[in-house]
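User: Please take a close look at a single part of this structure. Pick one element and tell me how its neighbours pack against it. Add whatever else stands out afterwards.

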Amino acid sequence: MANRNNMMQSNVFHSQTGMGSTRPRQSKPIKAAFVLITMSLLVGCAVGPDYQSPSIELPSVWSGAKKASKSETPALADWWAQLNDPLLNELIEEAVEGNFDVATSKAKIREARASYRQAGGELLPTADGSASATRAKSNNNFSNTFKAGFDASWEVDLFGANKSAKDAARYGLDAAREELRSTLLTLIGDVASNYVTARGYQARLSLAYRTVKSQKETATLTDTKFKAGASSGVDVENAAGQAANTAANIPDLVTAYSEAVHRISVLTGKQPSALQARLKKTKRIPRPKLSQKTGIPADILINRPDVRLAERQYAQYTAKVATAEANRYPSVSLTGNIASSAAQLGDLGKSSSISWSFGPSLSVPLFNAGKLKAAAEVAQAQRDQYFIGYKSAVLTALEDVENAIVALTQERKKNSTLSVSTKHYRQAYKLSSELYKSGSSSFLDLLEAQRSLYSAEDSLLQSQVAIATDYIALNKALGGGWNGTIDSTKPEIVDASKGPRLASRTKAPVKVAFDK
């Protein structure tokens, strides 16, 4: 079929030229077309490695969890809602809106997006316009010359250097988006953890105040009995000492509570003291309603933004290897220009002198002291680092989940045991108090019962905090983060004027304000 087409084209050409079998002389446009066609065929060439998603063998189930199936997908969307605390939900939304790390990640997305557009522009032709006006004097004669021109150039991407650079920029944009998701995951976890911690310290402070009050009442009773001759001075001093010892824990608890509140405020982009009034009222320690499904280990490749970030960075640097390899090969550019020259400005478009040029240029790297080869080796070594980083991110994710599963499971068992222990110590204190008041028991028994009860109740509160904290850690490890819309298009600083203007010596300072 190809031969028939060639014969038909040949016959048509001969009949039009009337030259019979004589080979026609190719004109300049035909030669130019031949060059363009040849180059277009070469455009498809590429060097360097093609990116392929890495394949990592993962276990089928988590060692610390019951056997799971693919249908048991973990519910990671808005996981913090399971803690059933409306104020916590509000604080997380405020943190997503006002956190500075999130704002930085959004700026990185804008940077990566602009870099991607910039890299894409390298694949397209460029055009520039120029104009000039000169006045010259020669032998007392004056002359004017007006010129206008148009220059265009296009680098033919023979070996895919520019395309690889564009691919690298696209992968970089993907990585920036994953970095934002990773930042949000960490932020939400930190807000929730500090909130639980703050509520835990509030509960422990309330316990400490109640215990001190009870111990002071016991000390007063002991002093009354001492004055009546029914108790010793040692009992009085021990009672007062234990009340003071319990009260000594309060300043440390207040400090720790304040630090947690300050941290939440800063995470939301506010001044450290901004949330003191909102968190002042004591509330219960948040507890998850349901147990968290963990799915299968392969889920982390999809759910964990830090794992996806590492994979996108590996892809980005694979593309950079291809770019570095392509730079070692010849490059071809097509350039052209057209210019008009006239003595009068109005003659540029009608009575002017017009010139033009068009042609390809070839650049071949002959000797560069091994710089291009070394640059390719640098890119390869960087690619290896990010590939190792990806594997490390996967292992870290697996470790995080396994640790969180074990910690949450064991803490729940511990909490159950502490609940039983606290119940018995509470009953023991009640009996010891009644026996002491009736004179049937020594003061040391009552003192020990008070001390044991306070320790058991405080440990139980800490265990409740640990359960919520481990629940938060498990959701973070599984990749639970923010699923809402994030607008990354708005710049942090909006310039009042970007165009040409007279330079000003005095500049107004940038005002910085924090939410109160």
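Analyst: A crossing is left-handed if the near helix is turned anticlockwise from the far one by less than a right angle. That term is needed below. Note that this is a predicted model.

The part chosen is helix H11, which covers residues 371-438. Two packed helices are described by the angle between their axes and the distance between the axes. Each partner of H11 gets those values here.

Start with helix H12, residues 443-478. The H12 axis comes within 7 Å of the H11 axis. The crossing angle is roughly 160 degrees. Angles over 145 degrees count as roughly antiparallel, so H11 and H12 are roughly antiparallel to each other. Their crossing is left-handed. By class, the contact has 23 nonpolar, 11 polar and eight charged residues.

Next comes helix H10, residues 305-326. Its axis and that of H11 come within 8 Å and cross at roughly 165 degrees. H10 and H11 are therefore also roughly antiparallel to each other. This crossing, too, is left-handed. The contact of H10 with H11 has 15 nonpolar residues, along with five polar and five charged ones.

Helix H5 spans residues 161-227. The axes of H5 and H11 come within 12 Å. They cross at roughly 20 degrees. The cut-off for roughly parallel is under 35 degrees, so H5 is roughly parallel to H11. H5 also passes H11 in a left-handed crossing.

Now for features beyond the helix pairs. One is on the surface. Phe150, Ile338, Ile354, Trp356 and Phe358 make a nonpolar surface patch of about 600 Å². Which strand gives the most to the nonpolar patch? Strand E4, residues 353-363, does, with three residues. Trp356 is found in E4.

The other is electrostatic. A search of the whole structure finds 20 salt bridges. In one of them, the side chains of Arg278 and Glu90 meet at 3.3 Å, N to O. This pair links distant parts of the chain, with the two positions 188 residues apart in numbering. Arg278 belongs to helix H8, residues 276-279. Glu90 belongs to helix H3, residues 86-98.

Back to H11 for a recap. H12 and H11 run roughly antiparallel. H10 and H11 do as well. H5 is roughly parallel to H11.

Key. Residues numbered from 1 in each chain as written. Predicted model: local features only at pLDDT ≥ 70, side-chain atom pairs only at ≥ 80, totals over all residues. Heavy atoms only, no water. Axes fitted to C-alpha atoms, helices over the stretch in contact; angles between N-to-C directions. Helix = DSSP H or I, 4+ residues; strand = E, 2+ residues; numbered from the N terminus. Parallel < 35°, antiparallel > 145°, perpendicular 65-115°, else oblique. Nonpolar A, V, L, I, M, F, W, Y, C, P; charged D, E, K, R; others polar. Patch = residues over 30% accessible without salt bridge, like charges linked within 9 Å, V, L, I, M, F, W, Y side chains within 5 Å. Areas by Shrake-Rupley, 256 points an atom, 1.4 Å probe, with all protein chains shown as cover. Salt bridge = Lys/Arg side-chain N within 4 Å of Asp/Glu carboxyl O.
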